[in-house]
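Student: Could you pick one part of this model and take me through it closely? I'd like to see how it sits against its surroundings.

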Amino acid sequence: MTDLTLRQAHHHDQDAIWSILEPILRAGETYALPRDWDRERALAYWFSPAHHVFVAQDTGAVLGSYYIRANQLGPGDHVANGTFATHPAARGRGIARAMGLHSFETARALGFSAMQFNLVVATNAHAVALWTSLGLREVGRLPGVFRHPVQGPVDALVMHRSL
């Protein structure tokens, strides 16, 4: 990774973002989203008007994307929530870490006071280790709430950190 930049996503990034999201959706091991969503539905969700969408690119190639949004409406809208995706071929290069750090800065700039992830699949060891290393802590465990396509029902973690 030589020139990783993080910037707001634009319409012209949709093909690259779909190339990142599709294998993750099809695998069904990390997101509580339908595995059979097509490109149009997945990108409509990712680019929802309530989402602040960003991409991570290195030497012009989009290698990751994330969005942040308010975790709840009304009295809970001061807490951010986010979803992160790294291209499978780019894993292990620090892209998710960079996006996580960028998301904290962005959330603070948008007026959020904390970051909360409502459903971190407990079997996703890389995500759990990353978020823990970035200061999120497990504040709850939801037994068997995620239907993993290989392991069956697995726990999910609620993770939180102040910004």
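Tutor: Let's go through one helix and then what it packs on. Keep in mind that this is a predicted model. Helix 1 covers residues 14–27, and its 14 residues at 1.5 Å each should span 20 Å; the end C-alpha atoms are 20 Å apart, so the two agree. There's a kink in there too: helix 1 bends by about 25 degrees at Leu21, with a proline, Pro23, following within four residues. Right after the helix comes Gly28, with a positive phi near 70 degrees.

Now for the side that's tucked away. Gln14, Ile17, Trp18, Ile20, Leu21, Ile24 and Leu25 are the buried residues of helix 1. That spacing fits a general rule: an α-helix has 3.6 residues a turn, so residues three or four places apart point the same way. As for what lies over them, the cover includes helix 2 (39–46), along with strand 2 (52–58), strand 3 (61–70) and strand 4 (79–86).

Those strands belong to an open, mixed sheet of seven, ordered 1-2-3-4-5-7-6. Strand 1 (5–8) and strand 6 (137–148) are at its edges with a single partner strand each, so one side of each has no neighbour in the sheet. From one strand to the next, the twist averages 25 degrees. Strands 2 and 3 pair antiparallel over seven bridges, and Val55 sits opposite Ser65 in strand 3. Helix 1 packs on this sheet by touching strand 2, strand 3 and strand 4, and its direction makes about 75 degrees with that of strand 3. Helix 3 (residues 95–109), for its part, runs at about 35 degrees to strand 3.

How values were computed
Residues numbered from 1 in each chain as written. Predicted model: local features only at pLDDT ≥ 70, side-chain atom pairs only at ≥ 80, totals over all residues. Heavy atoms only, no water. Helix = DSSP H or I, 4+ residues; strand = E, 2+ residues; numbered from the N terminus. Expected span 1.5 Å × (residues − 1). Bend = angle between axes of the 7 residues up to and from the residue. Buried < 20%, exposed > 50% of the residue type's maximum accessible area, 1.4 Å probe, protein only. Contact = heavy atoms within 4.5 Å. Pairing = 2+ DSSP bridges. Axes fitted to C-alpha atoms, helices over the stretch in contact; angles between N-to-C directions.
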